[in-house]
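Me: Could you walk me through this structure with a few questions and answers?

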Amino acid sequence: MARPVQYNTNVKMVEIPEGYSGEGFYATSFDKVIGLARKNSIWPLPFATSCCGIEFMATMAATYDMARFGAERMAFTPRQCDLLMVMGTISKKMGPIVRQVYLQMAEPRWVLAVGACASSGGIFDTYSVLQGIDQVIPVDVYVPGCPPRPEAIIDGFMRIQDLVGNESLRRRNSDRYRELMESYGIK
């Protein structure tokens, strides 16, 4: 009789960073190890305001389960998170709040703009809607769609993981990064 529970035999392991291995040891650069740890333990802060938030809920549910990518813990406190996921329509009155939440996050921090409204204002080309959150905070990855499917949100999250895994530890101290922050009025 066959067992009713089938085990997943196609387990994909994370590739180890390039380095030198021997019997009982492995040597690689510190950047690679930190990048591997960071990319597989991202704590997202969802900032959802409309229909994109509903799609995000579906992404976190059992069918798509974004927790399998290392985003197990959703946190609603900016001081504990390293990924700000802005989803939905952001009015001009909410722009300073999004900026304040971003500033309360500790470095290193990343931003994911989910959906057409967060990316470019969407269909709401009005006086009260912010035409993209990149007017108030820097954005690392844009996810298109109105609203985007859960697969697209997961793809955007995986793009963030690629950025996190390949980022140098010294990037945040570079002149280019400092100039980017100063262009947004962030010191």
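Reply: Happily, and a definition comes first: buried means under 20% relative accessible area, exposed over 50%, and partly exposed in between, with a 1.4 Å probe and protein chains only. This is a predicted model, in which local features need pLDDT of at least 70 and side-chain atom pairs count only at pLDDT 80 or more, while totals for chains, interfaces and linings use all residues. Residues are numbered from 1 along each chain as its sequence is written, and side-chain values use heavy atoms, leaving out hydrogens and water.

Me: Is Tyr20 buried or exposed?
Reply: Tyr20 has 56% relative accessibility. That value is over 50%, so Tyr20 counts as exposed.

Me: What kind of aromatic pair do Tyr20 and Phe25 form?
Reply: Rings of Phe, Tyr and Trp (its six-membered ring) pair if their centres lie within 6.5 Å; planes under 30 degrees apart are stacked, over 60 edge-to-face, and the rest tilted. The centres of Tyr20 and Phe25 are 5.9 Å apart, with 45 degrees between the planes. By those cut-offs the pair is therefore tilted.

Me: In what order do the four strands of the open sheet lie?
Reply: Helices (H or I, at least four residues) and strands (E, at least two) are DSSP runs numbered from the N terminus, and two strands pair if DSSP finds at least two bridges between them. E3 and E4 run parallel, joined by five bridges, and E3 and E6 (141-143) are the edge strands, each pairing on one side only. The pairing in the sheet is parallel, and the order is E3-E4-E5-E6.

Me: Which strands does helix H2 touch?
Reply: Contact means heavy atoms within 4.5 Å. Axes are lines fitted to C-alpha atoms, for helices over the stretch in contact, and angles run from 0 to 180 degrees between N-to-C directions. H2 (residues 51-60) packs on the sheet with its direction at about 125 degrees to that of E4. The strands in contact with H2 are E3, E4 and E5.

Me: Which helix gives the most to the largest nonpolar core?
Reply: A nonpolar core is a set of buried Ala, Val, Leu, Ile, Met, Phe, Trp, Tyr and Cys residues joined through side-chain atoms within 4.5 Å. The largest has 23 residues, and Tyr102 is among those that touch the most other members. Elements giving two or more residues include strand E4 (83-87), helix H3 (95-104) and helix H6 (175-183). With three residues, the top contributor is H3.
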